[in-house]
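User: Could you take a close look at how one of the chains packs against its partners, and tell me what holds the contacts together? A connected walk-through would be lovely.

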There are 4 protein chains.
Amino acid sequence: MLARGAVRLEVSDRAWLQATLDAEAALGRAHARAGSISPEDAEAIARACRVDAFDMEAIGRDAASAGTPIVPLVGAITAAVGGTAAGHVHAGATSQDIMDTAAMLVASRSLGYILTDLEGAADAAGALASRHRSTLMAARTLLQQALPTTFGLKAATWMIGLDQACARLRGVRDERLAAQLGGAAGTLASLGETGPAILSAFADELGLREPIVPWHTDRTRITELSGALGEAAGAIGKPALDVVLLAQTEVGEVREGAPGRGGSSTLPHKRNPVASVSALAAVRDVPGLVSSMLAASVHEHERAAGSWHAEWRPLSNLLLAVGSAAAWLRDCLEQLEVDEQAMRANLDRTGGLILAERITTALAADVGRLAAHDLVERASARTVEEHLPFGEALAAEPEIRERLSAADIERLLDPAGYLGVADEFVERALRAHAEARS
Amino acid sequence: MLARGAVRLEVSDRAWLQATLDAEAALGRAHARAGSISPEDAEAIARACRVDAFDMEAIGRDAASAGTPIVPLVGAITAAVGGTAAGHVHAGATSQDIMDTAAMLVASRSLGYILTDLEGAADAAGALASRHRSTLMAARTLLQQALPTTFGLKAATWMIGLDQACARLRGVRDERLAAQLGGAAGTLASLGETGPAILSAFADELGLREPIVPWHTDRTRITELSGALGEAAGAIGKPALDVVLLAQTEVGEVREGAPGRGGSSTLPHKRNPVASVSALAAVRDVPGLVSSMLAASVHEHERAAGSWHAEWRPLSNLLLAVGSAAAWLRDCLEQLEVDEQAMRANLDRTGGLILAERITTALAADVGRLAAHDLVERASARTVEEHLPFGEALAAEPEIRERLSAADIERLLDPAGYLGVADEFVERALRAHAEARS
Amino acid sequence: MLARGAVRLEVSDRAWLQATLDAEAALGRAHARAGSISPEDAEAIARACRVDAFDMEAIGRDAASAGTPIVPLVGAITAAVGGTAAGHVHAGATSQDIMDTAAMLVASRSLGYILTDLEGAADAAGALASRHRSTLMAARTLLQQALPTTFGLKAATWMIGLDQACARLRGVRDERLAAQLGGAAGTLASLGETGPAILSAFADELGLREPIVPWHTDRTRITELSGALGEAAGAIGKPALDVVLLAQTEVGEVREGAPGRGGSSTLPHKRNPVASVSALAAVRDVPGLVSSMLAASVHEHERAAGSWHAEWRPLSNLLLAVGSAAAWLRDCLEQLEVDEQAMRANLDRTGGLILAERITTALAADVGRLAAHDLVERASARTVEEHLPFGEALAAEPEIRERLSAADIERLLDPAGYLGVADEFVERALRAHAEARS
Amino acid sequence: MLARGAVRLEVSDRAWLQATLDAEAALGRAHARAGSISPEDAEAIARACRVDAFDMEAIGRDAASAGTPIVPLVGAITAAVGGTAAGHVHAGATSQDIMDTAAMLVASRSLGYILTDLEGAADAAGALASRHRSTLMAARTLLQQALPTTFGLKAATWMIGLDQACARLRGVRDERLAAQLGGAAGTLASLGETGPAILSAFADELGLREPIVPWHTDRTRITELSGALGEAAGAIGKPALDVVLLAQTEVGEVREGAPGRGGSSTLPHKRNPVASVSALAAVRDVPGLVSSMLAASVHEHERAAGSWHAEWRPLSNLLLAVGSAAAWLRDCLEQLEVDEQAMRANLDRTGGLILAERITTALAADVGRLAAHDLVERASARTVEEHLPFGEALAAEPEIRERLSAADIERLLDPAGYLGVADEFVERALRAHAEARS
């Protein structure tokens with residue numbers, strides 16, 4: 001997978017460290033708001049919580065002894081703060097309070113970028129849907145040409161999937177990312193009666209939700225986020241795969257437009273669909289990452305013996321994979337070159353067979369659906385075997401000729417006349433998209 | 001995994017067949033409502049769509065030739081209907097319309113039972129939380145005793161997770177399960193202008209949502225359902241694992257209450273926690289099943305070449321696994337026997353060490369947190385190494401004795417006095433549960 | 001997924017029941033061989049162990065109370081045996097001994113069928129490789145035409161992957177499928193000193209390996225089997241995906257040959273690649289199933305609290321998925337129709353561009369690789385933009401014309417002359433296959 | 001997950017870069033051995049292939065344009081080599097040749113460290129098995145005490161699993177890690193007749209196997225490696241989970257021995273089992289990673305459009321997770337403190353009930369197994385309900401008393417007399433381990 005997009009920076013070791021520092025700073029300010037420490041001490045703590053002031057490697061090394069990076073981090077912050085404020089660093093918190101809160105901040109910040117790229121990709125799909133409402137192409141089922149459709153409807157379907165992915169991710173970000181503060185046993189025992197006030201202020205400082213109870217071992221927030229990211233990956237992979245297939249040498253209906261990208265090291269003539277391939281590569285990693293997150297969601301008692309620690313790496317990788325995929329897809333769709341002539345040429349390749357269903361339907365009114373099916377199948381077989389245009393093969397069947405004139409057949413074999421309500425569906429989709437984006 | 005609960009019947013081959021028949025019947029009625037066939041023909045189709053009238057084995061056998069069970073099924077229905085109505089069976093639909101709609105019906109019906117059991121489990125957890133608000137027990141982190149807590153808070157945390165799982169599943173059921181009707185290319189081409197009216201009536205007949213556009217290759221509905229089931233599995237697994245751990249011979253704080261269950265084939269004295277173990281077994285299958293669903297979510301063009309077919313088995317198994325787990329957990333929690341004396345006895349096993357944090361906090365005001373930590377660590381070490389009661393070890397440290405009297409120490413070592421806001425958290429949780437259930 | 005092949009019967013509930021009965025019968029005979037019961041009693045037990053004599057539904061129902069189906073099964077066998085022999089049923093065994101041994105039997109029997117189909121598929125690929133050693137076609141990278149190759153080399157690569165999958169599965173079947181007999185604690189305590197003799201005879205009766213120690217909670221046998229099945233799925237999916245892609249309407253290089261299969265319910269002219277699509281659908285389920293098996297491989301103490309029970313369903317489904325995929329693929333390859341003319345026509349579609357690398361190589365000797373790359377890239381660009389034959393575009397570059405004559409260019413653009421050692425690779429592959437199969 | 005062990009360095013970006021450089025250097029030397037370039041040019045290339053000479057960030061940045069890091073890398077090497085040798089850099093290779101070969105080198109080097117730690121862990125388990133052959137403890141099934149066993153047998157079972165994991169990983173490393181060299185289409189077209197000689201020399205230079213045919217889209221080598229790593233994870237997780245469970249406050253039978261590790265940030269008295277918890281955390285990530293690798297194993301045509309690129313990240317993470325888990329487990333087992341007295345005390349907790357099976361067996365000879373089961377169950381129930389010692393409860397049953405004297409009962413309730421062939425199993429296991437290690 002080739003990582004891409006701003007999300008890379010948001011899941012780095014440095015970003016995680018900053019998020020833990022933000023949590024410690026917010027905890028100090030929450031204490032101040034609840035009156036349990038002075039505003040000056042809170043600000044002293046906050047001032048010390050700058051990522052550049054800490055030795056990430058040393059903290060990582062010492063994390064192994066403690067089983068968590070927070071133990072050495074708290075030591076380092078305390079040393080950095082000095083004075084009376086030093087005694088208030090991390091007050092009332094347990095390591096998991098800080099790590100979980102940091103995970104929520106990392107997720108929230110990453111989701112910001114992911115949503116921007118997903119919305120950009122959805123807008124680009126919408127623009128394609130709008131521009132190509134009347135662009136005829138073959139609909140393909142099981143990779144076989146089936147019936148005519150429009151590129152507009154295809155792009156509108158991409159857009160609807162992306163819009164839905166955005167809606168879910170936004171819902172999770174706004175409703176489910178919560179601060180964590182419970183102390184060692186989830187009772188806030190060391191904070192006494194001010195516990196709830198500090199919890200409330202802590203969440204507020206960070207722009208996260210306040211939970212009803214500490215969620216040290218209720219991981220539904222984490223699994224809901226993971227599920228939403230998994231859903232997004234599917235919505236991203238769909239258009240990416242379609243682009244790869246449409247860009248095949250033998251199909252040639254689209255081409256990735258980024259100048260200078262996709263050259264091959266040994267094949268100078270190729271223009272590889274790098275963005276869609278890279279999006280697909282990122283997407284392919286996601287089901288396994290989601291399963292890792294789900295497998296880590298059953299936590300023992302008041303703090304898990306392994307499952308909690310197992311979340312960190314796949315969570316970062318999941319945000320990175322979906323974020324990269326979103327960035328690649330947006331790039332792909334915003335610069336997609338569409339070859340309408342190739343679409344039309346491919347549509348004509350079956351010599352009219354692609355409209356067999358329409359003939360069947362026209363005949364069915366007279367002879368019944370199954371009989372119509374059989375008649376058309378016979379004509380289709382001749383078309384394939386004798387390389388006959390489908391119109392002629394149809395006209396050669398007496399039972400068909402009785403019912404359909406040559407002009408009827410010609411009209412029925414015009415793909416532009418057999419698009420059903422494709423246009424109406426595009427209209428519905430664009431309207432829904434406009435609502436979602438406003 | 002031992003399957004359990006009504007969901008077993010809802011994901012059986014027979015239930016899938018019934019759901020496809022329900023879809024075909026609803027399609028006929030939708031045509032009648034749109035005026036494209038007569039009400040009599042619609043009822044003739046509906047009358048034929050009874051599961052007992054069909055040979056499931058034969059349909060399964062013929063499915064292999066067609067690549068879908070719908071082709072032989074439509075043939076069989078058409079034969080069963082007879083007369084003029086026969087020509088209207090399946091009119092305008094493609095195989096995937098019927099299978100996808102059936103999948104939604106199977107999911108909707110299964111979710112009904114799953115929700116009932118999950119709500120039952122959450123209610124049972126709520127009853128435990130309420131009954132045991134003051135029942136002292138050890139909070140355990142990394143399976144080591146950490147601090148006192150209450151069984152009420154533990155049960156309340158179970159409940160909150162289960163409530164959240166219910167909320168998500170309900171949301172998916174009500175908002176995201178949609179009818180599918182697009183015809184071969186997703187354009188409803190063979191239905192002409194009445195297409196949208198038929199789609200709308202079709203969804204209405206089945207009690208499913210009407211989609212904006214056909215979702216043949218936009219699988220976000222399926223992945224969102226899968227993600228919600230994955231989230232539910234974690235919420236179920238959490239209390240199940242806690243029960244298994246609390247039921248250990250050496251812990252003995254709870255016992256599964258179902259009479260006559262859990263006997264061992266060779267060990268007559270054992271009472272195995274069968275329900276929680278079975279819930280865990282079912283839960284353990286879920287991450288892999290969700291990853292199968294997600295891996296199948298990138299569909300080619302207008303109908304996938306394999307990914308669509310790949311959804312059926314894991315979807316059934318996912319509903320079955322979560323449904324069984326929910327049924328087992330409800331059973332477990334509704335009959336759970338709690339041994340308050342064992343909880344209290346275990347809490348006393350560390351000779352008071354479990355309250356070390358409280359002593360640290362009390363000292364920290366005077367000497368600073370890190371110094372307090374070191375002092376208490378020294379006393380703790382003596383307690384462990386010399387098998388000294390913690391109170392004596394504390395009193396033996398001059399720097400502690402200066403600051404805390406024997407009475408202070410005794411008071412500080414009473415676990416009932418160091419529960420923080422456990423009770424308030426239980427209160428908040430029960431209030432939220434009451435709201436969620438009303 | 002559409003199940004296919006004999007493996008379906010080998011993973012059915014009935015097959016599992018038969019396997020547990022076979023284990024109980026073998027246990028009786030092993031006792032007789034070790035002298036701990038009489039041969040007559042052993043035969044009485046064996047006679048009772050016929051699957052038709054038992055009520056599968058009742059056993060399934062009672063399994064829920066005991067947490068395992070073996071408890072009610074042993075009761076039923078004991079009742080069926082009667083007389084003195086009844087007291088020796090299941091002697092010395094624990095439920096897991098029987099279930100684990102049955103799992104090994106189910107796996108062993110299923111692997112027999114899977115190997116037959118995989119070998120058949122590999123043979124079919126070998127026949128294609130042999131027949132099409134000289135059949136020219138386009139090699140495609142990232143679904144873009146890259147260079148000429150032969151269909152023979154493509155099929156040989158399929159074959160090598162399938163051969164390797166067979167080798168691994170055969171290795172696991174012959175070396176790693178072992179009997180399980182340890183009694184309740186893995187010590188064979190209730191058998192006294194004869195334990196090892198009975199264990200040895202038990203394995204011998206069943207044609208399974210004798211383990212060094214009971215493997216109740218050492219699941220490497222199960223995970224090794226799962227890994228080998230996962231590997232096989234990839235080897236099956238590769239040719240299936242290639243067939244689906246080659247069968248696309250716009251590519252048309254192969255066609256599935258099974259008569260009467262692949263008709264569409266609404267599109268009478270289509271011939272869907274049902275076998276390869278079905279193989280892909282089955283394959284797509286496998287990574288999730290393997291992850292379920294791996295996630296269940298960490299077992300507590302002397303018998304797991306959930307992980308063991310979690311193995312049964314995914315194990316059956318994994319064998320079924322790989323077995324179905326193997327059967328579908330064999331079917332696909334044995335009847336594959338290859339259109340050599342279409343392959344050749346597609347190869348000519350780029351107007352010669354596909355041989356750009358060869359021109360680059362020819363020029364590189366003179367001008368260096370990077371300069372040659374740039375020259376050829378320029379000519380390629382003109383070919384694409386101006387729809388010029390590549391030969392002309394090359395000749396139009398002065399720096400190329402200086403070095404290559406028109407005849408040189410014509411010769412260099414003949415794909416048959418730029419196949420490298422494709423033929424030698426096919427030869428190596430066929431030789432390795434012949435060795436593997438002998 | 002907390003990464004640990006030397007494997008961290010072997011999967012870093014820098015290690016991957018070094019491996020690609022090693023592949024390019026070996027390619028140059030292979031050309032020289034085949035006579036297609038001069039030894040001087042080969043050495044000029046090799047001299048340039050030092051990791052410190054390249055700008056990793058720039059290569060990473062440019063990788064995004066090309067879709068692979070090899071395109072910019074080859075440019076950079078070519079620039080670094082200069083002179084006539086520059087024209088021979090990367091000759092005949094495609095990007096995937098270098099990346100796949102690098103992946104094999106990364107895997108091979110990582111496996112070296114993983115095997116060292118796994119063997120160390122197996123040796124440590126062997127030492128425990130040997131030292132504790134007679135150490136009595138409770139066997140636990142479903143976390144309930146079941147029968148007596150020895151800690152020696154438990155440790156021997158750990159060892160056997162680890163030995164098997166080593167055997168598989170060694171087999172994969174030695175037999176399946178192969179060089180990749182096929183050129184753009186897998187035909188070695190640009191190398192002419194010397195292709196096979198260069199391939200052979202290339203593999204030899206790197207200490208990797210020579211493949212029969214290029215394996216660009218036959219990923220069985222990768223999936224076999226992944227499966228073996230998945231198996232290893234289970235073998236590592238098993239003892240880690242047992243240690244966590246045995247270290248519980250209420251069980252207290254083992255304790256991790258690393259001095260100064262495992263302190264809690266707020267609970268000074270705790271000694272967390274950091275190594276086993278960290279091993280478990282690493283193990284928990286593995287099933288998802290293996291499923292990602294398997295899901296990426298179906299590659300299109302001659303180079304995959306996404307699946308190939310999808311392998312890199314999970315492969316590194318998989319090696320890292322298993323390597324970290326192995327390092328943590330070795331650390332855990334080499335320093336494990338075993339409390340034999342606690343084991344014995346726990347064994348006595350059920351008042352003798354744990355030997356119920358033995359009583360049942362003793363009675364069964366007289367009264368039949370089912371009747372014996374019922375009698376013992378009755379006595380067991382009284383023991384539990386009336387807090388009676390099991391010996392007394394047994395003696396109080398007239399049907400038992402008739403058959404067993406008080407002395408019989410006392411002898412039968414001595415756990416040391418009911419260990420079956422635990423010792424013989426340990427002996428067998430240690431013998432197998434000694435063979436495996438020699």
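Analyst: Between chain A and chain B of this predicted model, the count is six salt bridges. One to look at joins Arg428(A) to Glu210(B), where the side chains meet with N and O 2.8 Å apart. The rule also finds 31 residue pairs in polar contact across the interface of chain A and chain B, both residues of each pair being at pLDDT 80 or more. On the side of chain A that touches chain B, helix H9 (residues 220-246) of chain A gives the most, with 14 residues. Sorted by class, that side of chain A has 41 nonpolar, 25 polar and 17 charged residues.

Now for the extent of this interface. Here 83 residues of chain A are in contact with 83 residues of chain B. The size of an interface is often given as the accessible area lost when the parts come together. For chain A and chain B that area is about 7,000 Å², with 65% of it on carbon and sulfur atoms. If you would like particular residues to inspect, try Ile212(A), His301(A) and Arg369(A): these three supply 10% of the area that chain A buries against chain B, more than any other three residues.

Chain A also meets chain C. In that interface, 40 residues of chain C are in contact with 40 residues of chain A. The area buried between chain C and chain A is about 3,400 Å², and carbon and sulfur atoms give 56% of it. The rule finds two salt bridges across the interface of chain C and chain A. Glu250(A) forms a salt bridge with Arg140(C), and the closest N and O atoms of this pair lie 2.8 Å apart. There are also 11 residue pairs in polar contact across the interface of chain C and chain A, again with both residues at pLDDT 80 or more.

Several elements of chain C build its side of that contact: strand S1 (136-141), strand S2 (144-150), helix H9 (220-246), helix H14 (356-367) and helix H15 (369-386) each supply at least two residues to the side that touches chain A. Of the elements of chain C, H15(C) gives the most to this side, with five residues. By class, the side of chain C that touches chain A has 17 nonpolar, 15 polar and eight charged residues.

Chain A has a contact with chain D worth a look too. Ala63(D), in helix H4 (residues 56-66) of chain D, touches Leu2(A) as well as Thr68(D), Pro69(D) and Pro72(D), leaving aside residues up to four places away in sequence. Ala63(D) counts as buried because its relative accessibility is 2%, under the 20% cut-off. Ala63(D) and Leu73(D) are 10 residues apart in sequence, and their C-alpha atoms are 8.6 Å apart in space.

Within chain A itself, helix H3 (residues 39-48) has buried residues, namely Asp41(A), Ala42(A), Ala44(A), Ile45(A), Ala46(A) and Ala48(A). The cover over the buried residues of H3(A) includes helix H2 (13-34) and helix H5 (70-81) of chain A.

Finally, a word on cysteines: the structure holds zero disulfides over all chains. Cys332(C) is in no disulfide, and the nearest cysteine sulfur, that of Cys166(C), is 16 Å away. Cys332(C) counts as buried, at 2% relative accessibility. Cys49(B) is buried as well, with a relative accessible area of 6%.

Methods:
Residues numbered from 1 in each chain as written. Chains lettered and ligands numbered in written order. Predicted model: local features only at pLDDT ≥ 70, side-chain atom pairs only at ≥ 80, totals over all residues. Heavy atoms only, no water. Contact = heavy atoms within 4.5 Å. Buried area = accessible area lost by both parts, 1.4 Å probe. Salt bridge = Lys/Arg side-chain N within 4 Å of Asp/Glu carboxyl O. Polar contact = N/O pair within 3.5 Å; in protein donor to acceptor, adjacent residues only side chain to side chain. Helix = DSSP H or I, 4+ residues; strand = E, 2+ residues; numbered from the N terminus. Nonpolar A, V, L, I, M, F, W, Y, C, P; charged D, E, K, R; others polar. Disulfide = S-S within 2.5 Å. Buried < 20%, exposed > 50% of the residue type's maximum accessible area, 1.4 Å probe, protein only.
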